[in-house]
Amino acid sequence: MAMAVGAAVFVLSACGQTKEPEETRTNETASAEEVRDSADEVQEIRNDEITEIDKGKPAEDEAEEKPVISNDDVWASLVGEYDYLSDGGNGKLMIHKTPYGYGISDYETEVSYRFLTDSSAIESMEGNKIYIKYPEQVFSDGEAVFGYYILEYDTDGIDVYYGKTSFEAAGFLYHATKKTETGVYEYEGEYLDYGVNAPALEIKKNSDGTYRILIDLYRLYLLDDGVGKETQDGLEFTATGPGSGGKVKGLITLDGNVATITIFGQEWLDFAGLSEYRFYKTSDVPNVYDGSADAVKQTTAEELLDLFINGSISAVDSTDSTRTFYITDLNMDSEEWDSYSVGEKVDLDNDGENELVINGPYGGIYLDARDNQVYEFAVAEGTALVLSYTYYNGAVWIMYSNRSSAGFEFYHMEKFEGADNLAAEMNFGEELVDFDNAEAGIKYTWNGDEVSYDEYAALCSKIFAAEVSTRSGL
């Protein structure tokens, strides 16, 4: 199994602690600074280009009086849903307005996508062509593998071209035809939360005429089993509420692309302190899975983790299954000590499918994808529980380290066979025999039993030699 690119190297000290080679840390820091500086320069140039494009500024060699069609006008004319034939059946290319520009997404099927991006990925717009440089894979050291897409639009639809290495190498991919309003259900689609600009309301029409409704109220509650029906007043729904699992009732009304949700009852008002919520529609295609066997097979763990990375779906909190969080809730890729960054994907629970490492303070967060959702699998909890993972006896183990006190070290390791199946645990550590008398010596323990220094050192040499740190900045 491949180790993380740029992962920290550890050396065992005489007493079992690990030390980081100074030269390695210096070289990695310098390299990281060079990557960040280069990326900042490229982004500044790209931002300048996009700003000039958005202004619809004519080229210097054109006469100033010549009419210029602004890019806003172009995007406004392209907004909508486009159908095309894909290997998985019917694909959809969608362009929608957001508070910060325009979003562009390409779904090969209802549950798998080719790309999800926005105007920040646009390299340029020339004539009737839009050039998109899309990061298909991002590594923990900031490096990325890009795909190169060209969208050529006309009155008949959009031709999409793709190149693995450059725009010049792009070949024809498909022709997408714009979908008319016929057959589009008024309520069905995906809606974003005004406050956090993240998907928070999904509405999908079922074959029996009812609606499946998912409402993710930021840092409050997830209503994930809503069922609704159209009435004269709007879309009435019921869902399982907080507490003992009683049902809550509500109503969804539309004003253009703005959906207002009202949840009825004093019990909900006492719980939430608010009964009305507003969302804006960004797509006619909801990100809701139908629960069928075919849909489950098609939605892989890798795809779900990518959807989390792109901010399309949330993850379930490990301490409270009613709470969720998006990647935008984390302090991502800043220079601060407590920032997070996307790490690599590794099989951390020994089930044959990768989990996602979010590098961060004290070791960050590990995420698992199953049952069409992303779950918080392991999380660091300060200096007393520093998170990392290691390879031991042919398996991956999650490790929590406590080196917070002088004269004391303690380690707890867990081996999983699937994220919800804890198969084995191990505890080991060292401490002063007498904390008031350092000369009394050190006691070494393994799973509660005292062992010799040689036994302890042999165990530590195996564990720490294969340890991978996921702390910020390493």
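**Entry 1: a helix and its sheet**

I started with helix α6, residues 453-465. Helix α6 lies across six strands: β26, β27, β28 (408-416), β29 (422-432), β30 (442-446) and β31. I looked up its angle to β29 and found about 125°. I note here that the model is predicted.

Next I asked in what order the strands of this sheet run. I read it as β31-β30-β29-β28-β27-β26-β32. That makes seven strands in an open sheet, and the pairing is antiparallel. Which strands sit at the edges? They are β31, residues 449-451, and β32, residues 468-469. Each of these two pairs on one side only.

I then picked out one pair from the sheet. Strand β26 covers residues 386-392, and strand β27 covers residues 395-402. I counted seven bridges between β26 and β27, in the antiparallel sense. For Ser388, I traced the bridge partner in β27 to Met399. As a reminder to myself, strands of a sheet pair through backbone hydrogen bonds, either parallel or antiparallel.

**Entry 2: a second sheet**

I moved to another open sheet, this one with six strands. Its order is β21-β20-β25-β24-β23-β22. Here I noted mixed pairing. The edge strands are β21 (324-325) and β22 (341-346). Both β21 and β22 pair on one side only.

How many bridges join β22 to β23? I found four, with the two strands antiparallel. Strand β23 spans residues 355-359. I also looked up Val346, and its bridge partner in β23 is Glu355.

**Entry 3: Thr117**

I turned to a single residue. Thr117 is found in strand β6, which runs over residues 113-118. Is Thr117 buried or exposed? Its relative accessibility is 15%. The cut-off for buried is under 20%, so Thr117 counts as buried.

I then asked which residues Thr117 is in contact with, leaving aside its neighbours within four places in sequence. I listed Gly103, Ile104, Ile132 and Tyr134.

**Entry 4: the chain overall**

Last, I pulled the totals. The chain has 474 residues, and 44% of them are buried. I tallied six helices and 32 strands. The accessible surface comes to about 24,400 Å². Carbon and sulfur atoms hold 48% of that surface.

I also checked contacts between residues with a separation of 6 or more. Of these, 41% join residues 24 or more positions apart.

Technical notes: Residues are numbered from 1 along each chain as its sequence is written. This is a predicted model: local features need pLDDT of at least 70, side-chain atom pairs count only at pLDDT 80 or more; totals for chains, interfaces and linings use all residues. Side-chain values use heavy atoms; hydrogens and water are left out. Buried means under 20% relative accessible area, exposed over 50%, partly exposed in between (1.4 Å probe, protein chains only). Contact means heavy atoms within 4.5 Å. Accessible areas come from the Shrake-Rupley method with a 1.4 Å probe; for residues, only the protein chains shown count as cover. Two strands pair if DSSP finds at least two bridges between them. Axes are lines fitted to C-alpha atoms, for helices over the stretch in contact, and angles run from 0 to 180 degrees between N-to-C directions.
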